[in-house]
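Open the model in your viewer and keep the selection panel at hand. The tour goes from one selection to the next and says what is there.

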Amino acid sequence: PRYLNTTAVFFSELLKFLCSFLLLSREKGSIRSAATLVRQHLTGDWFGTLKVTVPSLLYTVQNNLLFISLSNLSGAVYQVTYQLKILTTAILSVLILGKELAAVKWLALLILTSGV
């Protein structure tokens, strides 16, 4: 392969972290105050950090699987299945979580999935 899937996922997450940190630094006025805030959130609330770790690990696994599927599927099939993920998430949030979606949102979801 031309690249390793894990390396691509790692560097995309690293880039997102750096961009987020730079935006936080701009908001807080300095890199030092942003670093202090990040350190306080990471070390001050261990349970909160653990609660965020589980979804982030699942997200990393999902990104690796997306790269694997992209290398094994045609672009069209990959895009259709990726767009269906949005629709199935909406349906499951209604069925499992009991969330209500307005008719406009359902219409937008149908247009999004049929427009692929």
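A crossing of two helices is called right-handed if the near helix is turned clockwise from the far one by less than a right angle, and left-handed if it is turned anticlockwise. Keep in mind throughout that this model is predicted.

**Stop 1: α1 and α2**

Select α1 (5-28) and α2 (31-44). The axes of these two helices cross at roughly 115° and come within 8 Å. Angles from 65 to 115 degrees count as roughly perpendicular, and α1 and α2 are therefore roughly perpendicular to each other. The crossing in which α1 passes α2 is right-handed.

Now show the side chains where the two helices touch. On α1, pick Phe21, Leu24, Ser25 and Lys28. On α2, pick Ile31, Ser33, Ala34, Ala35, Leu37 and Val38. Colour this contact by class, and seven residues come out nonpolar, two polar and one charged.

**Stop 2: the largest pocket**

Stay with α1 and α2, and add α3 (46-72): each of these elements gives two or more residues to the lining of the largest pocket. The volume of this pocket is about 300 Å³. To outline the pocket, select Lys16, Phe17, Ser20, Phe21, Leu24, Val38, His41, Leu42, Thr49, Val52, Thr53 and Ser56.

Which helix gives the largest share of the lining? It is α1, with five residues. By class, the lining holds six nonpolar residues, five polar ones and one charged one. Phe21, Leu24 and Val38 belong to this lining, and they also appear in the contact of α1 with α2 from the previous stop.

**Stop 3: α4 and α5**

Clear the selection and pick residues 75-95, which are helix α4, and residues 103-114, which are helix α5. How far apart are their axes? The distance is 9 Å, and the helices pack at an angle of about 155°. An angle over 145 degrees counts as roughly antiparallel, so α4 is roughly antiparallel to α5. The crossing of this pair is left-handed.

For the contact itself, show Gln83, Ile86, Leu87, Ala90, Ile91 and Val94 on α4. Opposite them, on α5, show Trp106, Leu109, Leu112 and Thr113. This contact consists of eight nonpolar residues and two polar ones, with no charged residue.

Methods
Residues numbered from 1 in each chain as written. Predicted model: local features only at pLDDT ≥ 70, side-chain atom pairs only at ≥ 80, totals over all residues. Heavy atoms only, no water. Axes fitted to C-alpha atoms, helices over the stretch in contact; angles between N-to-C directions. Helix = DSSP H or I, 4+ residues; strand = E, 2+ residues; numbered from the N terminus. Parallel < 35°, antiparallel > 145°, perpendicular 65-115°, else oblique. Contact = heavy atoms within 4.5 Å. Nonpolar A, V, L, I, M, F, W, Y, C, P; charged D, E, K, R; others polar. 1 Å grid on protein atoms, 1.4 Å probe; cavity = no way out; pocket = protein on both sides within 12 Å on 5 of 7 lines; lining within 4 Å. Points joined across faces, edges and corners; volume = space filled by probe spheres on them.
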